[in-house]
Structures are given as C-alpha cells and as structure tokens.
Amino acid sequence: MPTSPISPLIDKIAVIGVGLIGGSVASALKERGLVGHVVGCARSAPTLDMAMERGLIDSSTTNVGEAVSGSDVVLLATPVGTMASLLPQVGEALQAGAIVTDAGSTKRRVVDIARDALSDHFEHFVPAHPVAGSESSGPAAARSDLFVDHWTVLTPTAETNSVSIQKIAQLWEQIGSHIKIMEVDAHDRVLGMTSHLPHIVAYALVSQLAQQVDQDDCLALAAGGFFDITRVAGSDPVMWRDICLDNKEVTVELINTYQTILDRIKESITESDGESLEGLFEAAKLLRNRLETIKTESKN
C-alpha cells in the first residue's frame, strides 16, 4: 500500500454517487491519507446516511451544486444515463481550475455531454473508467482495496489539460490502479467486447433459465460453470441498461457477431460435424489459456 503523503493529494473532493465505485474511491482516498475532506452527494438520504456511518465520507448533501462548490476534484460515480442531467449542474457550481472526472463504463456520450455542459471548464474534464467492480452495489459494498491491481482507463481528449490528466492519473495510481490511456472510441469498442457483451450474455442465460419448464431442477443442479458465467447478471440493472444504450452501435455489432458464432456452433452440432466443433473449441481454449497467462503476468 502506498505511504501517506505529508499533505493530501486533494484538499476536497465531491463524490457524486456514493455506491460501490464512488464509495470505494472515497474509502481508498481516506484510508491512504490522500484527501482532506470528502463530501458525498446522492439522491437518497438513507444512502448518504449509510456512507456516513461506514466512514466513507465526511459530509453529505443531496444538492449537487452544494457538493461541488469549493471542491478541488469532482468525481461522477453514477450510472452513465444520469450524466446529461448531472453535468450541467456540476458546471454551474465549479470553482476555477477544479477538475471533473467520472467513472462511467462508456465514454463517447459522456465526453460529448461534458463538452457542452462544462463549456470553459471542459479542459479540466478527465474521462475515466476503473475496470473493477462487483455484482454487489451501494455503499455497503464499497471497499478500499477494490481498485488494487486493476486497470483504470483514462480517455482524455485533445483539449484536456495535461496537469489535470496527471492529477487524476495520480489519484488512481495512489489507490492501487494501473493506468492505461486510450482514445475515446477505442475504449468503447474494447470494453464493449470485454465487459459489455459478457454482461449481456450473462443476463441472456439467466433469462433463458427463467423460461425453462424444469426451472427448479435447473436451479438445484446449476454447477460451477453456470455460476461463473452468470455471476455478473447480479449487477445493477439500471447501470447496465444505460451502458447498453449509451454504447448502442458497438453493442449491437458485437451481439450480431456473437450470434453468427453461435449459428456456426449450432450448424456444426446439427450436421454432426465434430471436427469443426472441436476446432472451434480448441482455438477458444488456446486463447483463453493465453488470457489466463496475461492476467497472471500483469499481477507480478
């Protein structure tokens, strides 16, 4: 764990959305002595009360402008579907030089909204996506080690201030993340394949299970493989609704490709083409093993 600095990295941060991601960022910053004061903002008073009880935040408000006022950094950790309403409120209350960042799983639409909503402050907007999470949600799920040894992707634009980029990169690095810089649309394509499509597949599998006439037996006999592949179907439905709609074109293209591959598998089974089936499975197995190796090496 990084040693605490003599003075905090951030004097005051406003965390808009104190659920799993926002709460975990707040907790990690406070635990490491990286922040002087965390003000949490949410629509729900009970959510804020829980965040206060758990020591994730130092003060709370349901008013976005009040949270943002006087803050050096503003973190938007809410579903991406809320950005259109939140970013204009943030822009109205920002102090000069304050940095705005987010933790959204899609980036193109958020960047476009921020460019309009933040106006002259847009140069201090640093889009970010911590590639970490859990199927659990809310402040009760927040933990200070959530981002350790996980990637956080930054997608700055040509207008983004370099000092602001460095500050946000330092924030994520200090709470355990590895930083990767990507172009906005490249992020949405890559994460569409590696994160968004797997969630859709998991939701689809569980939806198919719900249609089985022998559902109770399926539930009783579901083995580890089914649990592993559908674990993420326990994630926040609102968040994933917004992600799918925000990254619509990429998501639809990936679903179409996935359906094509399923059709190939179906055709091989229908025609009893074991050689074709085994070849596809073997190629997938080799790539999966390579993925496992890369994952292990990245932790060392």
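Here is a short chat about reading a few features of this predicted model.

Student: Let's start with the empty spaces. How would I find them?

Tutor: Rolling a probe the size of a water molecule over the atoms shows where empty space is left. Here, the second largest pocket holds about 190 Å³ of space.

Student: Which helices each supply at least two residues of the lining of that second largest pocket?

Tutor: Three do: helix H5 (108-118), helix H7 (184-210) and helix H11 (248-270). Among the lining residues are Arg 108, Arg 109, Asp 188, Asn 247 and Val 250. Sorted by class, the lining has eight charged residues, one polar and one nonpolar.

Student: Let's follow H11, then. How many residues does H11 have, and what span does it reach?

Tutor: H11 has 23 residues and reaches 32 Å from its first C-alpha to its last, close to the 33 Å expected at 1.5 Å a residue. Its buried residues are Val 250, Thr 251, Leu 254, Ile 265 and Ser 268. Val 250 also turns up in the lining of the second largest pocket. Just after H11, look at Ser 272, which takes a positive phi of about 55 degrees.

Student: Where else is there a positive phi in a residue other than glycine?

Tutor: Try Ser 119, with phi near 50 degrees. Ser 119 sits in the loop between H5 and strand E6 (125-126). Another is Asp 149, with phi near 65 degrees, in the loop between strand E7 (128-130) and strand E8 (151-154).

Student: Is Ser 119 buried or exposed?

Tutor: Partly exposed, because its relative accessibility is 49%. Asp 149 counts as partly exposed too, at 39%.

Student: And His 199, is that buried or exposed?

Tutor: His 199 is buried, because its relative accessible area is 10%, and buried means under 20%. You'll find His 199 in helix H7. Leaving aside residues up to four places away in sequence, His 199 touches Val 232, Ser 235 and Trp 240.

Student: What should I look for in the interior?

Tutor: In soluble globular proteins, nonpolar side chains tend to be buried together. In this model, the largest nonpolar core has 37 residues, and Ile 13, Leu 171, Trp 172 and Ile 175 have the most contacts inside it. Elements that each supply at least two residues of this core include strand E1 (10-16), helix H1 (20-31) and helix H6 (162-174). H1 gives the most, with six residues.

Student: What does Leu 171 touch, not counting residues up to four places away in sequence?

Tutor: Leu 171 touches Leu 9, Ile 10, Ile 13, Val 25 and Leu 29. Apart from the largest nonpolar core lies another core, of 28 residues, among them Val 39, Cys 41, Val 90 and Val 111.

Conventions: Residues numbered from 1 in each chain as written. Predicted model: local features only at pLDDT ≥ 70, side-chain atom pairs only at ≥ 80, totals over all residues. Heavy atoms only, no water. 1 Å grid on protein atoms, 1.4 Å probe; cavity = no way out; pocket = protein on both sides within 12 Å on 5 of 7 lines; lining within 4 Å. Points joined across faces, edges and corners; volume = space filled by probe spheres on them. Helix = DSSP H or I, 4+ residues; strand = E, 2+ residues; numbered from the N terminus. Nonpolar A, V, L, I, M, F, W, Y, C, P; charged D, E, K, R; others polar. Expected span 1.5 Å × (residues − 1). Buried < 20%, exposed > 50% of the residue type's maximum accessible area, 1.4 Å probe, protein only. Core = buried A, V, L, I, M, F, W, Y, C linked by side-chain atoms within 4.5 Å. Contact = heavy atoms within 4.5 Å.
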